[in-house]
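Trainee: I should like to go through this model one question at a time. Shall we begin with its charged side chains?

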Amino acid sequence: MKPLKTSLLASLLALGGCQSVPLPPLATVPKVDLGRFMGDWYVIANIPTFIEKGAHNAVESYQLAADGTIETTFTFRADGFDGPQKRYTPRGFVLDRESNAVWGMQFVWPIKADYRIVYLSPEYSQTVIGRAARDYVWVMARTPEIPEADYARIVELLGSQGYDPSRIRKVPQRWAPRTGG
């Protein structure tokens, strides 16, 4: 990532919480099994950051590093399914070791952006990552699509948590069928 874009993204994420009306705390899930949480997550919908606008086939991948940090790879196609592939590699830091649900996501040192797991299905197939400022959100799943009823329930949950549901946008996902062998 270019240094200026990296600095701008980090500043926006870090300072995005500056609002005139204080918001109640953003509820997180009680406990995250980090081992189960690792792997690929398709971004189903989001309130996008500036680098994510126009993203297609967005996938966030996590790998637990030996030092306890989370190696993260975020990839997507810019502005269309055939657009150039973009790749970002921030590092996650678990800030609440009791729940493992509050992280700092570092795109550029030393800034760690707020990253909270606010929903996680019992089978670890769907998750929602939010921020205390309610400025950005990511609805993710282990598959590129989720049932419409699940999506509606998640958007309703986010509305009850202080998010503006009208700002949430679906991320286009289209993948070639896998062939087995």
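Trainee: Which residue forms a salt bridge with Arg91?

Mentor: This is a predicted model, in which local features need pLDDT (the predictor's confidence in each residue, from 0 to 100) of at least 70 and side-chain atom pairs count only at pLDDT 80 or more, while totals for chains, interfaces and linings use all residues. Residues are numbered from 1 along each chain as its sequence is written, and side-chain values use heavy atoms, leaving out hydrogens and water. A salt bridge places a side-chain nitrogen of Lys or Arg within 4 Å of a carboxyl oxygen of Asp or Glu. For Arg91 the closest N and O atoms are 3.8 Å apart, and the partner is Glu71.

Trainee: How many residues apart in sequence are the parts that Arg91 and Glu71 tie together?

Mentor: Arg91 lies in strand β5 (residues 91-94) and Glu71 in strand β3 (residues 70-78). Strands (E, at least two residues) and helices (H or I, at least four) are DSSP runs, numbered from the N terminus. The pair therefore ties together parts whose separation in sequence is 20 residues.

Trainee: What is the relative accessible area of Arg91?

Mentor: Residues are classed as buried under 20% relative accessible area, exposed over 50%, and partly exposed in between (1.4 Å probe, protein chains only). Glu71, at 33%, counts as partly exposed. Arg91 is also partly exposed, at 30%.

Trainee: Which helix is joined to strand β10 through Lys170 and Glu148?

Mentor: The side chains of Lys170 and Glu148 meet in a salt bridge of 2.8 Å, N to O. Lys170 lies in strand β10 (residues 169-170), and because Glu148 belongs to residues 148-160, the pair ties parts 22 residues apart in sequence, the second being helix α3.

Trainee: How many salt bridges does the structure hold?

Mentor: Another of them joins Asp114 and Arg116, with the closest N and O atoms 2.7 Å apart. The number in the structure comes to five.

Trainee: How far from Glu52 is the nearest side chain of opposite charge?

Mentor: For this purpose Lys and Arg count as positive and Asp and Glu as negative, with His and the chain ends not counted. Glu52 lies in the loop between β1 and β2 (55-64), and is buried without a salt bridge. The nearest side chain of opposite charge is that of Arg131, at 9.3 Å.

Trainee: Which residue makes a polar contact of 2.8 Å with the side chain of Glu52?

Mentor: A polar contact is a pair of N or O atoms within 3.5 Å; within protein, one must be able to donate a hydrogen and the other to accept it, and residues adjacent in sequence count only if both atoms are side-chain atoms. One such contact, of 3.5 Å, joins the side chains of Glu52 and Asn46. The contact of 2.8 Å is made with the side chain of Trp138.

Trainee: Is Asn46 buried or exposed?

Mentor: Asn46 is placed in strand β1 (residues 39-47). Its C-alpha atom is separated by 7.0 Å from that of Tyr136, although the two are 90 residues apart along the chain. Its relative accessible area is 4%, so Asn46 is buried.

Trainee: Which backbone oxygen does the side chain of Arg134 reach at 2.9 Å?

Mentor: Arg134 sits in the loop between β8 (126-130) and β9 (137-141). This residue is buried yet has no salt bridge, the nearest side chain of opposite charge being Asp114, 7.7 Å away. A polar atom of its side chain lies 2.7 Å from the backbone oxygen of Ala132. At 2.9 Å, the side chain reaches the backbone oxygen of Pro24.

Trainee: Which strand gives the most residues to the largest nonpolar core?

Mentor: A nonpolar core is a set of buried Ala, Val, Leu, Ile, Met, Phe, Trp, Tyr and Cys residues joined through side-chain atoms within 4.5 Å. The largest has 48 residues, of which Phe37, Tyr62, Trp103, Ile117 and Leu158 touch the most other members. The element that gives the most, with six residues, is β1.

Trainee: Over which residues does pLDDT stay under 50?

Mentor: The chain averages a pLDDT of 88, and 86% of the residues score at least 70. Where pLDDT is low, the predicted coordinates should not be read in detail. The model has 30 contacts (heavy atoms within 4.5 Å) beyond four places in sequence for the stretch under 50, residues 3-19.
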